[in-house]
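Got your viewer open? Let's take a walk through this structure together, one selection after another.

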Amino acid sequence: MVVIMKNGFTPEQLQEAIQAMKAGGVKVNISKGSETTVLGAEGSAANIDQELLEQLPGVEKVMRVTEPYKKANRKYHPDDTLIDLGSGTMVGGKKLAVIAGPCSVESEEQITGIARSVKADGAAALRGGAFKPRTSPYSFQGLECEGLKLLQKAKEATGLPIVTEIMGTEYIELFEECVDVIQVGARNMQNFDLLKKLGRMTTKPILLKRGLSATIEEWLMAAEYIMAGGNQKIILCERGIRTFETYTRNTLDLSAVLAVKSLSHLPVVVDPSHACGRAWMVERMAMAAVAAGADGLIIEVHNDPKNALCDGAQSITPDQFKDVMDKLAAIAPCVGREV
Ligand code: PEP
Ligand code: MN
């Protein structure tokens, strides 16, 4: 942290600023220039309240020079983190990890059928919501515990690890028993109680979706919450952000993939389905995501999109998924990856 003093500050004001910094646990280095005096904090400035410091009469400006996330920061962990999705299927390495499946689990036939098909085309894991965060309380809310059982049956039939969304802390123990990767949805990205408990109570990998209006730093701080609790296995997921645009459901922020890969060592996957909200865009956006350096994708695939209970408009069919995988296989070598 760097504190710039106002022109004409008094010696008392300087002491006041120095004391406030010291009270936060740092050593203060004073640099007096001909026009500006700058105070540099040596050590962690995490306990200094930047806004309060800025209110002091002699202080012009306070600037942070290091990121507030430490465990998620590439500076302290230069190598890419690889995460096992379950049964040795990795995300973060050379091989792209493609997670596929319906928005929500609807029946045994549906989920097992889709699982078999996406597995045959090279999916690394099966997605499917059992607990659904719907905008309307009158929309299908998911099969809940029954949905988890059906996911397990699909796993038994195919061997695919399962990825499903958790909605509250009361489900952590249940998910620990029967889920391979726990998804934290966009709407829960800043549910700090949930994040803290996922850090402390489970060692399962967490697929952390970016919040609808979250900055990259807020997203990384959400990862930091989980990591600070002890669980280091975070997979970040860019799923589009809210902008003024209404043609697409969200706006896929592919530059965030590059930013996050440079700021953090955590793997990043892209969800083109929720980003665009339109099935016909999924293939091209998936290709673009791989070109941008994503470590994998999470794609909604439904056997009968027209009659899907949730997100049919953005769901591709198993046949279309096969085409996507073929296209990804063509793009991957251009960026040093494989499918
Ligand atoms: C989902 O993956 O089905 C979902 C609800 O995603 P998001 O949290 O990104 O909206
Ligand atoms: Mn969905």
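Here comes a tour of two pockets and a ligand. Before you click anything, keep in mind that this is a predicted model.

**Stop 1: the largest pocket**

Start by selecting Ala45, Ala46, Arg64, Thr66 and Pro68. You're now looking at the residues closest to the centre of the largest pocket, whose volume is about 360 Å³. The lining has 16 residues altogether. Try colouring them by class: you should get eight nonpolar, four polar and four charged ones.

**Stop 2: the second largest pocket**

Next, select Pro133, Arg187, Arg249, His274 and Asp311. These lie nearest the centre of the second largest pocket, which has a volume of about 240 Å³. Its lining takes in 19 residues. How do they divide by class? Colour them again and you'll find four nonpolar, six polar and nine charged.

**Stop 3: the ligand**

Stay where you are and show ligand 1, since that's the pocket to look in: ligand 1 sits in the second largest pocket. Now select the residues around ligand 1, and 13 should light up. The closest are Arg127, Lys132, Ala186, Arg187 and Arg239. By class, this shell has seven charged residues, plus three polar and three nonpolar.

**Stop 4: polar contacts**

Time for the distance tool. Which side chains should you click?

- Gln183: one of its polar side-chain atoms is 2.9 Å from an oxygen atom of ligand 1.
- Lys209: here too, a polar side-chain atom lies 2.9 Å from an oxygen of ligand 1.
- His274: a polar side-chain atom comes to 3.3 Å from a ligand 1 oxygen.

To finish, switch on the surface. How much of ligand 1 does the protein bury? On its own, ligand 1 exposes 300 Å², and the protein buries 97% of that.

How values were computed. Residues are numbered from 1 along each chain as its sequence is written. Chains are lettered from A and ligands numbered from 1 in the order in which they are written. This is a predicted model: local features need pLDDT of at least 70, side-chain atom pairs count only at pLDDT 80 or more; totals for chains, interfaces and linings use all residues. Side-chain values use heavy atoms; hydrogens and water are left out. On a 1 Å grid over the protein atoms alone, a cavity is a set of points where a 1.4 Å probe fits but cannot get out, and a pocket is an open set with protein on both sides within 12 Å along at least five of seven lines; lining residues have an atom within 4 Å of a point. Grid points are joined across faces, edges and corners, and a volume is the space filled by probe spheres set on the points. Ala, Val, Leu, Ile, Met, Phe, Trp, Tyr, Cys and Pro count as nonpolar, Asp, Glu, Lys and Arg as charged, and the others, Gly among them, as polar. A residue is near a molecule or strand if one of its heavy atoms lies within 4 Å of it. A polar contact is a pair of N or O atoms within 3.5 Å; within protein, one must be able to donate a hydrogen and the other to accept it, and residues adjacent in sequence count only if both atoms are side-chain atoms. Accessible areas come from the Shrake-Rupley method with a 1.4 Å probe; for residues, only the protein chains shown count as cover. A molecule sits in a cavity or pocket if more than half of its atoms lie within 2 Å of its grid points.
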